[in-house]
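Hi everyone, thanks for coming along. I'd like to spend a few minutes on aromatic contacts today, so please have a look at the screen.

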Amino acid sequence: MKKGIVLATVTIVSVSLFGCSPNLEKVKGDLNPTIEETSLNDYIDDIDKDVSYSYKEKANDNKEYKLDITVKVANSFNKLDRLGKFNLLSDVTQEIDNNTVYPECGSVDCDFGSLLIVADHNGSKEKYSMSVGHSGEPVMNYDGVSYKEEDFNYYTEDDSSTSVSGDNSYLADAVYEYMEQLFDEITDNGENYDPDIHDPQVTQAAADKFGITYKEASEMYVEKAVEEFQ
């Protein structure tokens, strides 16, 4: 077989194998203008450099792809509290899902995967993610912990104007129960428990969730654990 025929054959095979994958340059052209219209754009220094797209094939035989969006945000993003970050991701993912025509993928189907926010904070990378086009209530994932909107509502059922932080006994119970549930979740009910890893992780998650210090969360958990043991 002549060399030219071999090259032509290789080219045809390449097109058949890879020609139907999503065109990320076109994806970028489709989605960047939408992102610029959202509140997330306030935290992006250079949309061409700081926003990137990737895709992964779904776990089926239909050659369907999920498109993920990664955004490196400016330091101003760190000024938002945890609820502010949740609301931002919730609003942006909804706007992208509502206002964007899905990118052309040739003979395959594409839909959205997740929006991933990457923030530099005190020399480390913090990552916040949320599914685009969430059918149920939005869920933000951060540092191995999932947050729903209800997780930021620290109020008693009897008086919505009273924060549970004003009732140390009620708050201590809530902190203890949350940490116990989180310990069970991330350690497979204690099977994979490593105190050096999981104690600080769960304590910090409780501190962030309830708006208290790391020390307060730790003390509340220990005191309640002693009570439960006795």
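I'll go through some ring pairs, then a charge over a ring, and end with a helix. Keep in mind that this is a predicted model.

A quick reminder before the numbers: a pair of aromatic rings is described by the distance of the centres and the angle of the planes. With the pairing rule used here, centres within 6.5 Å, the count is eight aromatic pairs. Take Tyr-43 and Phe-77: their ring centres are 6.0 Å apart and their planes meet at 85°, so this pair is edge-to-face. In sequence these two are 34 residues apart, with Tyr-43 in the loop between helix H2 and helix H3, and Phe-77 in the loop between strand E2 and helix H4. Both Tyr-43 and Phe-77 are buried.

Now stay with Phe-77. What else does Phe-77 pair with? That would be Tyr-128, again edge-to-face, at 5.6 Å centre to centre with 70° between the planes. Tyr-128 belongs to strand E4, residues 124-131, so this pair ties together parts 51 residues apart in sequence. Tyr-128 is buried too, as is Phe-77. Put the ring pairs together and you get a cluster of Tyr-43, Phe-77, Tyr-128 and Tyr-142.

Elsewhere, we have a charge over a ring: the charged end of Lys-209 sits over Phe-210, 5.5 Å from the ring centre.

Finally, helix H4. Its 18 residues should span 26 Å at 1.5 Å a residue, and the end C-alpha atoms are 26 Å apart, which agrees. Among the buried residues of H4 are Phe-86, Leu-89, Val-92 and Ile-96, along with Arg-82 and Lys-85.

Thanks, and I'm happy to take questions!

Technical notes. Residues numbered from 1 in each chain as written. Predicted model: local features only at pLDDT ≥ 70, side-chain atom pairs only at ≥ 80, totals over all residues. Heavy atoms only, no water. Phe/Tyr/Trp six-rings, centres within 6.5 Å; stacked < 30°, edge-to-face > 60°. Helix = DSSP H or I, 4+ residues; strand = E, 2+ residues; numbered from the N terminus. Buried < 20%, exposed > 50% of the residue type's maximum accessible area, 1.4 Å probe, protein only. Lys NZ or Arg CZ within 6 Å of the ring centre and 35° of its normal. Expected span 1.5 Å × (residues − 1).
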